[in-house]
Amino acid sequence: MSEELSELARRRGFFFQANEAYGGVAGFYTYGPEGAALKRNVEDAWRDRFVTREGNMEIDSPTVTPEPVFRASGHLDDFDDMLVECPDCGESHRADHVVEDNTDVEDAESVPTDEVEALIAEHDLVCPECGVSLVGQPVEGFNLMFETTIGPGDGDPGYLRPETAQGMFTEFPRLKEYARNQLPFGVAQIGAGYRNEISPRNALLRTREFTMAELEFFVDPEDDGPNLDRVADVELPLYPVEAQQADGEEYLRLTPQEALAEGVVAGEWVAYFLARSKQWFERVGVDMDRFRFRQHLPGELAHYASDCWDAEGEVGGDWVELEGVASRTNYDLTKHDEHADDSFTVFQAYDEPKTVERATVDPEMSYLGPEFGGDAGEVADALADLAARDRSAFDGEEVTVEVDGTEYTVPTEQTGFEVAEETESGRHIVPHVVEPAFGVGRAVYTALAHSYETDEVDGESRDVLRLPAEVAPTTVGVFPLMDKDGLGERARELAADLREAGLSVTYDDSGNIGRRYRRQDEVGTPYCVTVDYEALEEGAVTVRDRDTTEQTRVPVEDLPTVLTRLRDGDASFEEL
RNA sequence: GCGCUGGUGGUCUAGUGGUAGGACAUGAGCUUCCCAAGCUCAUAGCCCGGGUUCAAUUCCCGGCCAGCGCACCA
């Protein structure tokens, strides 16, 4: 199955290994003419669904990203695996796991590699596979991010982004302004991501450079969720943790409301995006009989996620992850708020301003300065913290605070302590994020695999890609029945007219008519138009439907409208 | 990264220590004309490097790539 599909993909120009003229390198693919058109159409459909129709905004941020961003996001640490190889059997093991499993060391992942080597020597650890000693074997860090240098010389370290999401997070301070500080709002991006996979596999399914389409949807967790009535009729095939642990293949088929009511899905926005995702996958050609949402097992969750559902499609007997809908909580924005200079919060006004009592200090610095010298500033900060935390500490004559292990005692009258009423009109919150993140190449591959069929027409087998008309690389093939008696000229003219009307058109006059139909079947062209003698006389042509191979006559002047409606799903072939 | 298998026109393949044959596809011509028709002609190939040899696409070693399994990982 996947072999046939790869062969078709190569032969017909959907996708193929990149740089083959130089031997090629694993994990990189070029989309050929058909594939690039298909991919673009899939992306356009995604943009239509998750940007335009949701009222979200789209950005386009750099792929090269400076190191501090990933230090903040956690990718520098958490995308870095320590590997140690057995000298005897050659197995590679996660060095931190070997240490954690055999010593009382916890969180070995955060220990430097040379110390991990020392730990292995100290405890005389052995290969979990064959029992040979690992002492003296080098422990090597392997970070899945591609590293680069920004600028000349040593420059600044940078990385190719492993996800587009960080672009939405790092630019959040400006984006929230564009959203006029109103939650919820969503920011989307379609673009390349990079992961230096140890072992790229399965054509487009695990590559080192790949296109993702990600939506970061920022919400106030205390606000109401989406209007689920709009997706009330969508049935979600859910495969929750409990079902997986019971080793069952039983899926729950629930609407978003039911899934929430029964506690299967925790978040309203997650439920909403699962429904929208399912609709979108169906729209671009994923077979709903080979589709499910699988909940991440606890140990499977990424470092930033509290809950995650994967959209999966079955290809060749394996389930392929197509999308992850993750609750990223406020992890990322909080991290960037800590590490970066700007503020990653949104001011949420209360319905009614609140009056609160607040304990504050206004220390007399002309006293603290001479008394504590260079530590005076920190003492003042400590007093402010203490006031907010425990106002009773200021009841006596003196107040004592601790800074870096040293105690400082200050007369209360010098602290400017007071309890005052303040009016609060709102609060600054760090929004939570719900993230539907799609692998575009995986969606394209799965749509191809699910569309690919071999059937029989008049006893002859034919390969056909039953891609939805909306995403098919070419919408219409135009053929002269024969290239003579003016049929060719008329057909070329018609092809040009249809292109002018915005349709993707292929012209073909080579070989007999049946062969030309089969060529278009193989690349998934949904409609073919043939110019015959009657067309010259009556001004009507035959339109042939890919899936049924049936034909009907349509007046030439109606053709641009009819074909456009067919492509956009505003009409069906049977209605013609 | 380890193991197994493989790498011959665009695609799929046969075969050989003396540089290769087929099928499909593609292009031209004739013919035919609404579902892969026929004939003629044409284009086009032994993954890369090293070794053995008079001679390597073939044998050996290494590499790269692919598929699968393991490991790793979204």
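Which residues of H16 are buried? That was my way in today. I kept in mind that the model is predicted.

**Entry 1: helix H16**

I looked up the buried residues of H16 and got Leu487, Ala491, Leu494, Ala495 and Leu498. Looking down the axis of H16, I see these buried residues inside an arc of 100°, so they line one face of the helix. The textbook rule helps here: an α-helix has 3.6 residues a turn, so residues three or four places apart point the same way.

Next I checked the length. H16 runs over residues 487-500, which is 14 residues, and at 1.5 Å a residue it should span 20 Å. The end C-alpha atoms are 20 Å apart, so the check agrees.

What covers the buried residues of H16? The cover includes strand S24 (476-480), strand S25 (505-507), strand S26 (527-531) and helix H19 (559-567). After H16 comes Gly502, and I noted its positive phi, near 90°.

**Entry 2: helix H17**

I did the same for H17, residues 513-522. Its buried residues turned out to be Arg516, Tyr517, Gln520 and Asp521. Down the axis of H17 they fall within an arc of 145°, so here too the buried residues line one face of the helix. Gly514 and Arg515 are exposed on the other side of H17.

Which strands do the buried residues of H17 pack against? I found S23, S24, S25, S26 and S27. Just after H17 sits Gly524, with a positive phi of about 85°.

**Entry 3: the surface near RNA strand B**

I then went to the RNA. There are 48 residues around RNA strand B, and the ones that come nearest are Ala26, Met482, Gly514, Thr530 and Asp532. I had already met Gly514 as an exposed residue of H17.

Which element gives the largest share of this surface? It is H17, with six residues. Other elements that supply at least two residues each include helix H1 (2-12), strand S5 (80-85), strand S16 (318-329) and strand S27 (540-545).

I also sorted the residues of this surface by kind: ten are nonpolar, 19 are polar and 19 are charged.

**Entry 4: helix H2**

H2 covers residues 33-52, so I ran the length check again. Its 20 residues should span 28 Å at 1.5 Å a residue, and the end C-alpha atoms are 27 Å apart, which agrees. The list of buried residues in H2 includes Glu34, Ala37, Leu38, Val42, Trp46 and Phe50. Lys39 and Glu43 are on that list as well.

**Entry 5: backbone oddities**

A reminder to myself: most residues other than glycine have a negative phi, and most peptide bonds are trans. With that in mind, I went looking for exceptions.

Asn19 has a positive phi of about 60° even though it is not a glycine. I found Asn19 in the loop between strand S1 (15-17) and strand S2 (29-31). Is Asn19 buried or exposed? It has 10 other C-beta atoms within 10 Å, and 12 or fewer counts as exposed, so Asn19 is exposed.

Ala203 is another non-glycine with a positive phi, about 50°. Its place is the loop between S10 and strand S11 (209-219). Ala203 has 22 C-beta neighbours inside 10 Å, and the cut-off for buried is 20 or more, so Ala203 counts as buried.

Where is the cis peptide bond? It goes from Leu183 to Pro184, with omega near -5°. Pro184 lies in the loop between helix H8 (172-178) and strand S10 (185-194).

**Entry 6: Ala243**

Ala243 belongs to helix H9, residues 241-245. I counted 17 other C-beta atoms within 10 Å of it, so Ala243 is partly exposed. Ala243 and Arg294 are 51 residues apart in sequence, but their C-alpha atoms are 9.6 Å apart in space.

**Entry 7: the whole chain**

Last, I stepped back. Chain A has 19 helices and 28 strands. Of its 576 residues, 36% count as buried. Its C-alpha trace spans about 110 × 70 × 55 Å along the principal axes. A compact globule of 576 residues would have a radius of gyration near 25 Å, but I get 31 Å for chain A.

I also looked at contacts between residues at least 6 apart in sequence, and 63% of these join residues at least 24 apart.

Key
Residues numbered from 1 in each chain as written. Chains lettered and ligands numbered in written order. Predicted model: local features only at pLDDT ≥ 70, side-chain atom pairs only at ≥ 80, totals over all residues. Helix = DSSP H or I, 4+ residues; strand = E, 2+ residues; numbered from the N terminus. Expected span 1.5 Å × (residues − 1). Arc of directions from axis to C-beta. Contact = placed C-beta atoms within 7 Å. Near = placed C-beta within 6 Å. Nonpolar A, V, L, I, M, F, W, Y, C, P; charged D, E, K, R; others polar. Rg over C-alpha atoms; globule rule 2.2 N^0.38 Å.
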